[in-house]
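User: Could you walk me through how the two chains meet? I would love to take it one question at a time.

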Amino acid sequence: MKLDETELRNALRRKPAPPELADRIMMQIEDGERMRSRFSPRMLAAAALVFLTLGIGTVHEVRSELERRRGEEARQQLLLALSITAEKASLARRLIGSD
Amino acid sequence: LTFIKETLMRRYVLSILFFSLAVGFTASPLAAQLRKLDINLSHLESQASETVEITLEKEVLRLATRFLSGQAADERQIRDLVQGLTGIYVRSFEFKRNNAYSASDVERIRAQLGRPWERIVKVRSSTSDNVDIFIYPRTDDIVGGLVIIAAEPRELTVVQILGDIPLDRISSLDGQFGIPRMGLEQTRSKGKK
């Protein structure tokens, strides 16, 4: 395809920017600055530390709770086992006594 | 000279290690023999109205003792008693009718209790309540294991406790926590059957 001079000139002619473009660009720049000023690196680091501490704390708490449940279950089983043992030993004594 | 010294030192350390291992193996030959019984009676579960299956290995026992109250005297004594144990295994079945289990179920377990186990109680009653108590007498004061087989018309219970059970500690539980005196010392000395 070949462009003649008039077409080329038309294509390269300066066109005025849409009226709202400058406002949009300025708004985006302001938003970026506002975000940067709201979340300074220190604040981000502090937030990360808080989240990390909360995360570790939660994991520790969940593990402790699981351990407590396992321990309590084991304790109940131990007491039941000893109680059955005692009951059967008692049965033996009773039978021996009744002979 | 340094090389010779190093070689000698290495040999010395190795021989000490070897000796320690050898002593370790020979010191506990019976403990090694004292294996967990095969008390798998799962085929009775479908007929049982109530089943209790408890398996407490060493680590779970340690965990359980941590959760026993240090305040209550009976729980403190149980904690002391359990400290030397390496396992507690209980299988108990309750049935709604008589003869739900066969004699061979019981015999299969009794057959595993040869030496070093020693039967200290054998009760065969007219009401068909049969109880056997076996112990592994490790020393005069310490029992290395205990097995109770209680075969009643509508109930079959097998208990195996492995590990060191000092007889005086069993006696100290007398009447506490619903654990009656087992009279192992008396029974052993009288050879009651």
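Analyst: Happy to! Buried area is the accessible area (1.4 Å probe) that two parts lose on being put together, summed over both. This is a predicted model, in which local features need pLDDT of at least 70 and side-chain atom pairs count only at pLDDT 80 or more, while totals for chains, interfaces and linings use all residues. Residues are numbered from 1 along each chain as its sequence is written, chains are lettered from A and ligands numbered from 1 in the order in which they are written, and side-chain values use heavy atoms, with hydrogens and water left out.

User: What is the area buried between chain B and chain A?

Analyst: Contact (heavy atoms within 4.5 Å) links 38 residues of chain B with 25 residues of chain A. Carbon and sulfur atoms give 79% of the buried area. The total is about 2700 Å².

User: Which three residues supply 19% of the area that chain B buries against chain A?

Analyst: No other three residues of chain B supply more of that area. They are B:I54, B:L63 and B:F67.

User: How many salt bridges does the rule find across the interface of chain B and chain A?

Analyst: The rule asks for a side-chain nitrogen of Lys or Arg within 4 Å of a carboxyl oxygen of Asp or Glu. B:E152 and A:K88 form a salt bridge, with their closest N and O atoms 2.8 Å apart. Across the interface, the count is 4 salt bridges.

User: Which element gives the largest share of the side of chain B that touches chain A?

Analyst: Helices (H or I, at least four residues) and strands (E, at least two) are DSSP runs, numbered from the N terminus. Elements giving two or more residues to this side include β1 (48-57), α4 (73-82) and β6 (155-166) of chain B. The largest share is 5 residues, and it comes from α3(B).

User: And which helix of chain A gives the most to the largest nonpolar core?

Analyst: A nonpolar core is a set of buried Ala, Val, Leu, Ile, Met, Phe, Trp, Tyr and Cys residues joined through side-chain atoms within 4.5 Å, where buried means under 20% relative accessible area (1.4 Å probe, protein chains only). Of the 36 residues in the largest core, A:L78, B:I88, B:V131 and B:I133 touch the most other members. With 10 residues, the chain A helix that gives the most is α3 (residues 41-98).

User: Which residue of chain A is in contact with B:I133?

Analyst: Leaving aside neighbours within four places in sequence, B:I133 touches several residues of chain B, including B:I120, B:V121 and B:L146. From chain A, the partner is A:A92.

Key. Buried means under 20% relative accessible area, exposed over 50%, partly exposed in between (1.4 Å probe, protein chains only).
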